[in-house]
Amino acid sequence: MIRAMTDVNRLSIGILGGTGDQGKGLARRFALAGHQVLIGSRSAQRAQDAAESIGAGATGDENAVVAAQADIVIVAVPYEGHKALLESLRAELAGKIVVDCVNPLGFDKQGAYALPVEEGSAAQQAVAVLPDSRVVAAFHHVSAVVLMDPAVDKVDLDVLVLGDDREATDVVQALADVIPGVRGVYGGRLRNAHQIEALTANIISVNRRYKAHAGLRITDI
């Protein structure tokens, strides 16, 4: 009922790190759903090339331009550059819903594992860096391969949405719902984001063992 009353149709979506696999996949799905999508990158040319490859009206520019122009901004950059990028865009992101889908992960011969984050999670780090933004954690477990696959009409996935601002989480849940097959599910407050980010390492292990592109479904709701 809440999501039915949350209209996100006219919102433009900026994706910082939109030239990477996850960011580009999300950009493609939102563009196909009819949203104005702005792809951000350190290089305006790389962003424009990514937008052109996606089509559906997507555009590309430098991260700062995208952060300033978009109504909602998704952060899909590698964890290594996460804090520095957000610090550089504090003014552009003030007052906006910022959706953090960054997974702090390391990799070794045994596979993926969660990295410790001083603030507790990448999402909580974003809160510390962006005191004037409305930070929400979401889209951590979405397979980039599935998002980019033109043969996949519906993405079989629930997106866990975490945040301390209920109006902002309602908006992000509704945003997840515009991707066919996807359902946005409220997953708690940001203090629990660390386990959602870390769970990505387990999903990677599942995918490697079963040669799959696994996602999550929440039962009984």
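A salt bridge here is a side-chain nitrogen of Lys or Arg within 4 Å of a carboxyl oxygen of Asp or Glu. The model is predicted: local features need pLDDT of at least 70 and side-chain atom pairs count only at pLDDT 80 or more, while totals for chains, interfaces and linings use all residues. Residues are numbered from 1 along each chain as its sequence is written, and side-chain values use heavy atoms, with hydrogens and water left out.

**Exercise 1.** Find how many salt bridges the structure holds, then place the one between Lys-83 and Glu-119.

Solution. Start with the count: there are eight salt bridges. In the pair asked about, the closest N and O atoms of Lys-83 and Glu-119 are 3.8 Å apart. Next, locate both ends: Lys-83 sits in helix 4 (residues 82-88), and Glu-119 in the loop between strand 7 (111-114) and helix 6 (122-129), so this pair links distant parts of the chain, 36 residues apart. Helices (H or I, at least four residues) and strands (E, at least two) are DSSP runs, numbered from the N terminus. Finally, check accessibility: Lys-83 is partly exposed at 34% relative accessible area, and Glu-119 is partly exposed at 24%. Buried means under 20% relative accessible area, exposed over 50%, and partly exposed in between (1.4 Å probe, protein chains only).

**Exercise 2.** Work out which parts of the chain the salt bridge of Arg-217 and Asp-158 ties together, and whether each residue is buried or partly exposed.

Solution. First, the contact: the two side chains meet at 2.6 Å, N to O. Arg-217 lies in the segment after helix 9 (193-210) and Asp-158 in strand 9 (residues 157-163), so the bridge ties together parts that are 59 residues apart in sequence. Then look at the surroundings: Asp-158 is buried, with a relative accessible area of 2%, whereas Arg-217 is partly exposed at 40%.

**Exercise 3.** Describe the salt bridge between Arg-189 and Asp-164, then name the residues that shared partners join into one network.

Solution. Begin with the distance: the closest N and O atoms of Arg-189 and Asp-164 are 3.7 Å apart. Arg-189 is in the loop between strand 10 (182-188) and helix 9, while Asp-164 is in the loop between strand 9 and helix 8 (166-177); the two are 25 residues apart. Both count as partly exposed, Arg-189 at 43% relative accessibility and Asp-164 at 47%. Now for the network: salt bridges that share partners join Asp-156, Asp-158, Arg-183 and Arg-217.
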